[in-house]
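Here's a quick walk through the model, starting from a single residue and working outwards to the ligand and a helix.

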Amino acid sequence: MDEVIIATKNEGKAAEFKTMLAPLGVKVRTLLDFPEIEDIEETGHTFEENAVLKAEETAFALQKMVIADDSGLSIEYLGGKPGVYSARYAGEQKDDAKNIQKVLQELKGVPHEERSARFHCALAIAAPGQETITVEGTVEGIIAEKPEGMGGFGYDPIFIVKDKGKTMAQLTKEEKNKISHRANALNKLQLLLQHEDSVFRGNKEDR
Ligand SMILES: O=P(O)(O)OP(=O)(O)OP(=O)(O)OC[C@H]1O[C@@H](n2cnc3c(O)ncnc32)[C@H](O)[C@@H]1O
Ligand SMILES: [Mg+2]
């Protein structure tokens, strides 16, 4: 595998995939490089369903192998919300600051011990005529009282990583890419592909 297309238009995700896949020597392109591909409607009820939708539609459109990422934040006190609606929680414009404000508003006055949350990342790898493969990675956290830190993207400034006692946005890129839901999912995918005898492994010479 010398090139992989990540079916995302999210710049934060795109940057993380580029960094995490760099050691493998794989060239990474994203949908930011294919502006002709229109937004795919995320009609699934789970992260996995949406990842499969995005991966299969893009693989069909480009006739290439692609990986899609559907991810989001699930907050226990809110019954799992924003969940699959994380990107558009505060409206169609997918505004990170507004999404964060909405979550903080909904958790106003809720004590620390009831602010448990989890980031999810479902990855799907699809290629024309191949069975799609999916994996999911998570990371546990607590929703902060206010945003802290400048790194990452999305909900990172309000997500205190349980094992670190800092928000995801306060971690360095290297730290985030070691422990994140996306890193966990990508590690699982790599392990799975090592055992999978399919087109996704590429030619022996590529390995
Ligand atoms: O569908 P694509 O084009 O990949 O881009 P998107 O931004 O719409 O992506 P999703 O549908 O998967 O929605 C993900 C939401 O979860 C948030 N999110 C995902 N991963 C995150 C991370 O690592 N840190 C913080 N927030 C994250 C992100 O900001 C979005 O609001
Ligand atoms: Mg999306």
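## Around aspartate 70

Skipping the neighbours within four places in sequence, aspartate 70 is in contact with Glu42, Phe47, Asn50, Ala51, Lys54 and Ala122. Keep in mind that this is a predicted model. Aspartate 70 sits in strand β3, and the unreviewed UniProt entry lists Asp70 under "active site".

Is aspartate 70 buried or exposed? The cut-off for buried is 20 or more other C-beta atoms within 10 Å. Aspartate 70 has 28 C-beta neighbours inside 10 Å, so it counts as buried.

Phenylalanine 17 gets the same label: it's buried because 24 other C-beta atoms lie within 10 Å. Here are the two side by side.

| Residue | Element | C-beta neighbours within 10 Å |
|---|---|---|
| Aspartate 70 | β3 | 28 C-beta atoms, buried |
| Phenylalanine 17 | α1 (residues 11-21) | 24 C-beta atoms, buried |

Phenylalanine 17 belongs to helix α1. Again leaving aside neighbours within four places in sequence, phenylalanine 17 is in contact with Ile6 and Val28. There's a long-range pairing to look at too: phenylalanine 17 and alanine 183 are 166 residues apart in sequence, yet their C-alpha atoms are 8.8 Å apart in space.

## The shell around ligand 1

Now for the ligand. Which residues come nearest to ligand 1? Of the 23 residues around it, those are Thr8, Asn10, Ser86, Ala87 and Gly154. By type, the shell splits into 5 nonpolar, 9 polar and 9 charged residues.

As for where the shell comes from, β3 (66-75) and α3 (96-106) each supply at least two of its residues. Strand β3 gives the most, with 4 residues. That's the strand that holds aspartate 70.

## Helix α3, face by face

Helix α3, the other shell contributor just named, has Asn99, Ile100 and Val103 as buried residues. Looking down the axis of α3, the buried residues fall within an arc of 100°, so they line one face of the helix. What do the buried residues of α3 pack against? They pack against β3 and β5 (133-143). Flip to the other side of α3 and you'll find Ala97 and Gln105, which are exposed.

So β3 turns up in each part of this tour: it holds aspartate 70, gives the most residues to the shell around ligand 1, and is packed against by the buried residues of α3.

Notes: Residues numbered from 1 in each chain as written. Chains lettered and ligands numbered in written order. Predicted model: local features only at pLDDT ≥ 70, side-chain atom pairs only at ≥ 80, totals over all residues. Near = placed C-beta within 6 Å. Nonpolar A, V, L, I, M, F, W, Y, C, P; charged D, E, K, R; others polar. UniProt positions renumbered as here; feature names shortened; annotations may be inferred. Buried ≥ 20, exposed ≤ 12 C-beta atoms within 10 Å, placed from the backbone. Contact = placed C-beta atoms within 7 Å. Arc of directions from axis to C-beta.
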